[in-house]
There are 2 protein chains.
Amino acid sequence: MKPLGLIDRVDLPVDKIPTRWYNVIPDLPRLPEEYIDNSTGKKVTREWLERLFVKSMAAQETSLERWITIPEPVREAYKLWRPTPLIRAVALERELGTPAQIWFKYEATSPSGSHKLNSALAQAYYAKRDGHTRLVTDTGAGQWGSALAIACQIFGLDLTVFMVRASFHNKPYRRNLMETYGAEVRPSPGDTTEYGRKLLAEYPDHPGSEATAVSEALECVDADEGTRFAVGAFSNHCLLHHSVIGLELKEQLRMIGRTPDYLIASVGCGSNLSGFASPFVEDKLNGADITILAAEPEACAPLTYGEYRLDWADSNGRGPGVHTYTLGHEFVPPPIHAGGLRYHGCAPIVGLMRHEGLLDAEAYGQVSVFDAGTTFAKLQGYLPAPETSHAIRAVIDKALECKRTGREATIVFNYSGHGLLDLGAYGRYNDGLLRDVEKEDFVAPTPSMVEGLKA
Amino acid sequence: MKPLGLIDRVDLPVDKIPTRWYNVIPDLPRLPEEYIDNSTGKKVTREWLERLFVKSMAAQETSLERWITIPEPVREAYKLWRPTPLIRAVALERELGTPAQIWFKYEATSPSGSHKLNSALAQAYYAKRDGHTRLVTDTGAGQWGSALAIACQIFGLDLTVFMVRASFHNKPYRRNLMETYGAEVRPSPGDTTEYGRKLLAEYPDHPGSEATAVSEALECVDADEGTRFAVGAFSNHCLLHHSVIGLELKEQLRMIGRTPDYLIASVGCGSNLSGFASPFVEDKLNGADITILAAEPEACAPLTYGEYRLDWADSNGRGPGVHTYTLGHEFVPPPIHAGGLRYHGCAPIVGLMRHEGLLDAEAYGQVSVFDAGTTFAKLQGYLPAPETSHAIRAVIDKALECKRTGREATIVFNYSGHGLLDLGAYGRYNDGLLRDVEKEDFVAPTPSMVEGLKA
């Protein structure tokens, strides 16, 4: 039999885990707009940030330092799974008949199954060091909550997770996982907060959303001096921590002497895209011909269909007002299987990158996304999360474009997590029960979104 | 904050994936007994084996070569996740206060989530090369079926999996996973075989077992000339393929200058224990003081409570008769959450190793096993499969023994797979609903087993 032609891989030794995080803000063409306190309409103060976040996180949130040293305990915990391999999808290239090379940064070996642990470990470490006793957070599909549960257990902190009510009841596995790591998990909306009780009184069957979960989590922070909010995607400091992905990737590409033409990642808020691609922004600004592409779900695509404006980060305005691409904080995304991508806005840094023309965006329907994920699994053996499959959809489309044009492009994507806890969705897809969302599925879409939606 | 003290790890570069499998048979004190054709009572012939197995597998089954070259396409596919790291559980050591060092070979990064892919890839490769078109197999919890589904997809073969009926209905995730990789999955007993129809006529609610699934799979082989049986644990050739685990481990221990005092692995049939420990058998026979310990479930513990004798490999005698430790082919294990360990006998090589005094065995109740697995997850971040947690239970007990005696032993165990598809069981454990099996739970235990069971 001839050589299999399945994969190539580029590994890094464990001492090549980055020693510093990279902060893209000082390299952007302009600074992000400052956060607004919605109760006063004025810029938030440092005190306001420190009441919300762990003290060191408040400092990182507004830092203009390009490089920030990774504390040794965090770097040691990264050794649980880092460095992650860079893998070439040789079988997919052959199947597509593309002259492009397709590489992916494989983040799925993390104990929590996705890239989210990069920031969870950092936030838990600083919370402990700064003397806090408990973190509280929101989670949608459960990827972030699981990662933070592991991190809080490792560093010795209590954790309360507000989980979108629909997922809490329909996806018990992620809840079981968080509880196994010692986290307290509450459905959102729920009866432990004033805001949750108010929502349930109005709509007893309210399915919840990331935005309601954030609002309830923030109410918990207000109620307890020792508690701070940990954020899974939105904030500058969270995106900072994920830069280890892109920094390792740069080193690995250097080892094989390649520069990327496309850097592709799925976007809910933008934590995996930013961590993966931000270390290449300076190269792009210096003239490198790199397309950074955000792959969004058609059902919730702020970068594709939203507007760049001031909006709330949560659903009741307790959190900051921020400038970013948004579908509106009142937007309730229809249920799709990439639960990690159901958020009305994107991270301010990612919004700014788009606003400054550093970022392209495209939206994909979930059936075509599962087509891509399943194709990838069959050819390459790895089962991607539905979130990750958005990036794979985009990669396949770009590789086929290269086939038409004959371009020998280097396409690199971020394999942000595995799909082993999404097998219910794969089952529905296998049985032909999955469909794309339609206009009727939206409770309150913004006008720009309705216009953008394919018929 | 002081250093975290979480883990150490020893990685191997990708070119250190072994080039040869190690066959322990020529190094054992005596050869295994030959297989018996139950229909004639005579030794099976090569033709009989070749009608059952892929031709090359029939040859490996009886091979006395110590080293067998790994075909390059199989070795390339191993690069999907191999070499696997050797990791030191520093946090667990500290928590236990043991002077022992605890290391584990981390097999959970395989795309199928366990070590099973080591043999699945080999069997699928040879099936394709030898001109067969379809494999058929049995699976209990689904670990083996998933691995073989990936392997058959990669090498271009059809696959039919008979899945224990109780798992087929209660654990749809594993079924979804196999179907995503293109396998046809049938419940056992089911109505597609004569034997399945017979069982269902007698017991319409028959939950099935590994043994019924094997019998139905073998009936499929008889019915189609292009089909062969792929075996997930029992056979010599399957155990051979898993020797890559132990060979890598030997190299990694050499790198840190340590020799093992304990090698511990869970045992259902023995594929992970044999692959992990067999490369150390020669050292042990040459005088090295190594304890090889098989960790079994109390509910189904052939090495602990069974007898070494001739018995059937399946439930109706279509498969071979073999000499090994067995609880009797008519034994139906009660439902426990380590579904991968529910088999009445163990692999002939493992049985022989026990019979020759090369192997110790201990049995553990599932509540204490989940205690151990949860403790490990909280301290080290990795969530083990319930099967793997049997080994962790044994490791903790041995490490505490070392604490009492002051022995600075090197304890190494095989982390055979992750528990992300077992979160239902973790949820039951978290909610206090898990219990150990009791004598009343057994349908037909052997006398030696009843006597051995703790009250």
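**A tour from helix α6(B) to the interface with chain A**

Start by selecting α6(B), a helix that is mostly covered, with 12 of its 13 residues buried; keep in mind throughout that this is a predicted model. Computed from its first C-alpha to its last, the helix reaches 19 Å, which is close to the 18 Å expected at 1.5 Å a residue.

Next, colour the buried residues of α6(B), which include Gln143(B), Trp144(B), Leu148(B), Ile150(B), Cys152(B), Ile154(B) and Phe155(B). Show their surroundings as well, for what covers these buried residues includes α3, α5 and α8 of chain B, together with the strands β8 (134–139) and β9 (158–164) of chain B. Then move just past the end of the helix, where α6(B) is followed by Gly156(B), a residue whose phi is positive, near 80 degrees.

Now bring chain A into view and select the contacts between the chains, where 47 residues of chain B are in contact with 48 residues of chain A. The area buried between chain B and chain A is about 4400 Å², and carbon and sulfur atoms give 65% of that area. The elements that give two or more residues to the side of chain B that touches chain A are β1 (7–10), α3 (72–78), α5 (117–129), α6 (143–155), α8 (172–180), α17 (366–380) and α19 (423–430) of chain B. Colouring this side by residue type divides it into 24 nonpolar, 13 polar and 10 charged residues.

Finally, which kinds of polar pairing does the interface of chain B and chain A hold? There are 21 residue pairs in polar contact, both residues at pLDDT 80 or more, while the rule finds zero salt bridges across this interface.

Terms used. Residues numbered from 1 in each chain as written. Chains lettered and ligands numbered in written order. Predicted model: local features only at pLDDT ≥ 70, side-chain atom pairs only at ≥ 80, totals over all residues. Heavy atoms only, no water. Contact = heavy atoms within 4.5 Å. Buried area = accessible area lost by both parts, 1.4 Å probe. Salt bridge = Lys/Arg side-chain N within 4 Å of Asp/Glu carboxyl O. Polar contact = N/O pair within 3.5 Å; in protein donor to acceptor, adjacent residues only side chain to side chain. Helix = DSSP H or I, 4+ residues; strand = E, 2+ residues; numbered from the N terminus. Nonpolar A, V, L, I, M, F, W, Y, C, P; charged D, E, K, R; others polar. Expected span 1.5 Å × (residues − 1). Buried < 20%, exposed > 50% of the residue type's maximum accessible area, 1.4 Å probe, protein only.
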